[in-house]
Amino acid sequence: MKAKTADKIATVVIVTFALLIVAVLAGLLGYILFRGVSHISWDFLTSVPQKIRAGGGIGPQLFNSLFLLVLTLIITVPLGLGAGIYMAEYARPGRITDFIRLIVEVLSSFPSIVVGLFGLLLIVNIFGLGFSLVSGALALTVFNLPLMVRITEQAFRSVPTQQKEAGFALGLSKWKIVTTVLFPVALPAIITGTILSAGRVFGEAAALMFTAGMSSPRLDFTNWNPLSSNSPLNPFRPAETLAVHIWKINSEGLAPDATQIAAGASAVLVIMVLLFNLAARFFGRFIYRKLTASRRMN
């Protein structure tokens, strides 16, 4: 077979598979949005769910998902950045470093149900945190942290070595080079890693059923005391997230409009993930331009 013919066949096969993947993804998103967008309203987004009667909403579950996202990022981002920078810039090659990377890879491949059971045993029972937002955030950190570490390490390693050498030539310290030379260049990839890890918070259900719980107390959004049991800012209260709520409605929902509620909640979940990804990418580019003093060429 001639080289040109083989190249054309390979190109057609690759393009076909790419279009197939895009079509499947577009069809899945379109199906979810088509079924659920018509059920979304302000009342649906802010009202409490109903167990038996029709007309329930997803207000507390939506707030719980956002609050859990914030708690998880507060834990994951500093730890992931620190560990990734250490692995990329400070860790010496050797058996210990290779063993750490192996542990990271193993943790990233753990099924979420295993992480949930681990969180139930250790965080909920042994540590005594119970079913709470903090327990859910710690459980999500277990399999979000390896991804964050790996993305950060790869982002720093992708920076050209000439920039690091230029910093050393100017007499800059190691930490100064990391913070002012390498970090601005690696920031877009780090933002992408943060987006990927944050997306799991919105879509995760199995691990949160065993750690954050499958019910929420009636919240008083006028009570901003984080120590109050019915305050929305209390991180030690049980919290049913949006993904868990969708599973619960589909499996044991008794409301006459349970199907419509599940469809609307699924559409909200997809829209939230898309909006968060778009906003985070825009914010990452904005920060990159500020830190590197780069300007868009006309």
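Here are a few exercises on this predicted model, each with a worked solution.

Some ground rules: residues are numbered from 1 along each chain as its sequence is written, and side-chain values use heavy atoms, with hydrogens and water left out. Local features need pLDDT of at least 70 and side-chain atom pairs count only at pLDDT 80 or more, while totals for chains, interfaces and linings use all residues.

**Exercise 1. Work out what the chain is built from and how far it extends.**

Step one: count the elements. There are 11 helices and 0 strands, where helices (H or I, at least four residues) and strands (E, at least two) are DSSP runs numbered from the N terminus.

Step two: get the dimensions. The C-alpha trace spans about 70 × 55 × 45 Å along its principal axes.

Step three: check the contacts, meaning heavy atoms within 4.5 Å. Among the chain's contacts with a separation of 6 or more, 73% link residues 24 or more positions apart.

**Exercise 2. Decide which part of the model to treat with caution.**

Start with pLDDT, the predictor's confidence in each residue, from 0 to 100. The chain averages 85, and 96% of the residues score at least 70. Now look at residues 294-298: pLDDT is below 50 there, and the stretch has 4 contacts in the model beyond near neighbours in sequence. Where pLDDT is low, the predicted coordinates should not be read in detail.

**Exercise 3. Take the largest nonpolar core apart.**

First, the terms. Buried means under 20% relative accessible area, exposed over 50%, and partly exposed in between (1.4 Å probe, protein chains only). A nonpolar core is a set of buried Ala, Val, Leu, Ile, Met, Phe, Trp, Tyr and Cys residues joined through side-chain atoms within 4.5 Å. Of the chain's 298 residues, 37% count as buried.

Next, the members. The largest core has 33 residues, and those touching the most other members are I58, L68, L133, L140, L208, L242 and V268. At least two residues each come from helix 3 (59-90), helix 6 (133-157), helix 8 (174-203), helix 9 (206-209), helix 10 (242-252) and helix 11 (258-292). Helix 11 makes the largest contribution, with 6 residues.

Then zoom in on V268. Leaving aside neighbours within four places in sequence, V268 is in contact with I40, F44, L45, I58, L62 and L242. Apart from this core lies another, of 13 residues, including I85, A88, F156 and I190.

**Exercise 4. Compare the settings of W247, K248 and I191.**

Begin with W247, which is in helix 10. It counts as partly exposed because its relative accessibility is 38%. Not counting residues up to four places away in sequence, W247 touches M209 and M214. Its C-alpha lies 11 Å from that of A258, with the two 11 residues apart in sequence.

Move on to K248, also placed in helix 10. At 26% relative accessibility, K248 is partly exposed. With residues up to four places away left out, K248 touches M214, E240 and G253. From K248 to V268, 20 residues along the chain, the C-alpha separation is 16 Å.

Finish with I191 in helix 8. Its relative accessible area is 17%, so I191 is buried. I191 and V181 are 10 residues apart in sequence, and their C-alpha atoms are 17 Å apart.
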